[in-house]
Amino acid sequence: MIGRLRRTYGRLRLGTRLALGLGALSLVVFAVVGTALTTYMRDYLSAQLDTQLAQAQMGQSKSIADYGTLSGKKYYSWFYAVYDVSEGAPELRKPEDPADLPKDVDDFTDLARAQTTAHSELLRTEYLRHAGLYRLRACEVEPGVVLVSAAPMDEIQDTVGELITIQVVAFGLALLALVVFGRGMLRRGLKPLSDMAHTARDITSHDLTDSGRLPVRHDARGGGPEVEELRTAFNTMLEHIDDSLAVRAEAEQRLRRFVADASHELRTPLMSVRGYADLFQYAAANAPEERDKHLARLRAEAARMGFLLDDLLLLARLDAAEVETPLRLAEADLVELAEQAADAFRVTHADHPLTVAPGPSSLRLRLDPQRIRQVLDNLLTNAAMHTPAGTRVSLAVSVANGAAQVRIADAGPGIPPGDRERVFDRFYRVDKARTRDRGGSGLGLAVAQSLVRAHGGLIEVTSEPGATVFTVTIPLAVVDKRPKEGKVRLT
């Protein structure tokens, strides 16, 4: 039974449970207040009755002492008994009126006997058979004479009973009103919480696979500072979830685009390899003089596919830099690396005059020389491939704001404003019509940006017609992101 009540109580709504709890607490308070009030009223009325008994016995004692009777000193429904106690045992005098004594006087006799040894008046509450509840008082009229008076307590009992009835009715109505109106107030106060629960249910019913945004928010106000604080925290949590979902959706979109682009980029050299292999087989059988040409092209396509796979593998390693990193940090001179990249550029791109701006004679940093050289080569090659022959290119190394900077600029046509934010995206090409042979795979700038970030640096681009500048910033104290002992590092 108790278990069933607990389960039923557990299924009630929070507002109902709070109202019932408040009602139970109020019931305890009402019971304590009612008991205290009833006890006080009974004691107060009993004290008044004791005072009335004492005052009445004062006049009755004087009448007995002077005239030996109680004439004119009696109260309606009271009892009186006079005892002679001079010989030790109380002896009841004959009453003036038979109605002065109850049918059973044993309680009167016991009180008179106790009065003989007492030094003050005695008071008792006794239930007299065939009469009811009475208040008895014994006093010594004169030496050897004891008067016992008894006053009925029916009026006190009736008054206390009426008080209890009034309290029960009043407290019951108050309790009922408290539960009913309290439940309404609690439901109204808890309505913001109920609205939050509905909002949460709306979120669970929303398909998050199609959209990275949650369409619901809890905008209702009210409920006090605590509920308002909870509402703010709830909406803040939804904003964070929104941001996380947006990041996830963007990452998934980038992943799908990357997979599609990578598949497309790999498909092209694979088709070329297949075609040149067929041509090589045909030339081997019918035109031996063409074999070397087809074999050279076959090797070139295989090499281009190998470069593409190397870039993809490098980007994958850089994406997992928290676990593994391809960097091999060592002390190296950034100025010397820039000069080496400039020399290599002059040899491979003689149609683009290169100028190295004056700068520090030496700038030693802790970095990966091979990867930083790859960054410089990619940026210089990008400048040559996207500008017409004869375009001037410049290279400058400097130190500013506690970091080393490398600026690679060209005087080409510039990058359109709509493409500047995406030039570092993987497989993105500004010139969509450029062929693979001339335009590359679209991974050069993405690899450069990932390598610079792996060094804790930043790469930026500014462009306008006649001036495109790529700025590589590397902090002088490069953070070592190599894996800790016990982790595998890809090399």
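Hi everyone. Of the 491 residues in this protein chain, 36% count as buried. Please keep in mind that we are looking at a predicted model. The secondary structure comes to 12 helices and 12 strands. As for contacts between residues at least 6 apart in sequence, 65% of them join residues at least 24 apart.

Let me begin with the strands. Please find β5, residues 145-152. How many of its residues are buried? The count is 8 of 8, so to speak a strand that is mostly covered. Look at the two faces in turn: V145, L147, S149 and A151 sit on one side, V146, V148, A150 and P152 sit on the other, and all of them are buried.

Which strands does β5 pair with? One of them is β1, residues 79-84, which runs antiparallel to β5 and is joined to it by 6 bridges. If you want a place to rest your eye there, D84 stands opposite V145. Another is β4, residues 132-142, also antiparallel to β5, this time over 8 bridges. Here C139 is the residue opposite L147. β4 and β5 make a hairpin with 2 residues between the strands, and G144 takes a positive phi near 95 degrees in it.

Now please move along the chain to β9, residues 393-400. On one hand β9 runs parallel to β7, residues 354-356, with 3 bridges joining the two. V356 has L395 of β9 as its bridge partner. On the other hand β9 pairs with β10, residues 403-410, in the antiparallel sense and over 8 bridges. In that pairing A396 is matched with R407 of β10. β9 and β10 form a hairpin too, with 2 residues between them, and N401 in the turn has a positive phi of about 55 degrees.

On to the helices, and a crossing I would like to show you. The helices are α9, residues 369-385, and α12, residues 444-454. Their axes come within 9 Å and cross at roughly 145 degrees, and the crossing is left-handed. Which residues meet there? From α9 we have R371, Q374, V375, N378, L379 and N382, and from α12 we have G444, L445, V447, A448, L451 and V452. Sorted by class, this contact has 7 nonpolar, 4 polar and 1 charged residues.

Is α12 mostly covered or mostly open? It is mostly covered, with 9 of its 11 residues buried. Those buried residues are L445, A446, V447, A448, Q449, S450, L451, V452 and A454. After α12 comes G456, which has a positive phi, near 80 degrees.

My last topic is the aromatic residues. The structure holds 6 aromatic pairs. Let me take F30 and F171: the ring centres are 4.8 Å apart and the planes are at 15 degrees, so this pair is stacked. F30 belongs to helix α2, residues 14-67, and F171 to helix α4, residues 154-189, so the pair ties together parts that are 141 residues apart in sequence. F171 itself is partly exposed, at a relative accessible area of 24%.

A second stacked pair is Y40 with Y44, at 6.3 Å centre to centre and 20 degrees between the planes. What separates these two along the helix? They are 4 residues apart in α2, which means about one helical turn. In general, an α-helix has 3.6 residues a turn, so residues three or four places apart point the same way. Y40 is exposed, with a relative accessible area of 54%, whereas Y44 is partly exposed, at 41%. Elsewhere, Y75, W78 and Y80 are linked into a cluster by ring pairs.

Before we stop, please go back to α4, where you will find V168. Is V168 buried or exposed? Its relative accessibility is 55%, and exposed means over 50%, so V168 counts as exposed. V168 and G34 lie 134 residues apart in sequence, yet their C-alpha atoms are 8.3 Å apart in space.

That is my tour, and thank you for listening. I am happy to go back to any part of the model on the screen.

Note on methods: Residues numbered from 1 in each chain as written. Predicted model: local features only at pLDDT ≥ 70, side-chain atom pairs only at ≥ 80, totals over all residues. Heavy atoms only, no water. Axes fitted to C-alpha atoms, helices over the stretch in contact; angles between N-to-C directions. Left-handed = near helix turned anticlockwise from the far one by under 90°. Contact = heavy atoms within 4.5 Å. Nonpolar A, V, L, I, M, F, W, Y, C, P; charged D, E, K, R; others polar. Phe/Tyr/Trp six-rings, centres within 6.5 Å; stacked < 30°, edge-to-face > 60°. Buried < 20%, exposed > 50% of the residue type's maximum accessible area, 1.4 Å probe, protein only. Pairing = 2+ DSSP bridges.
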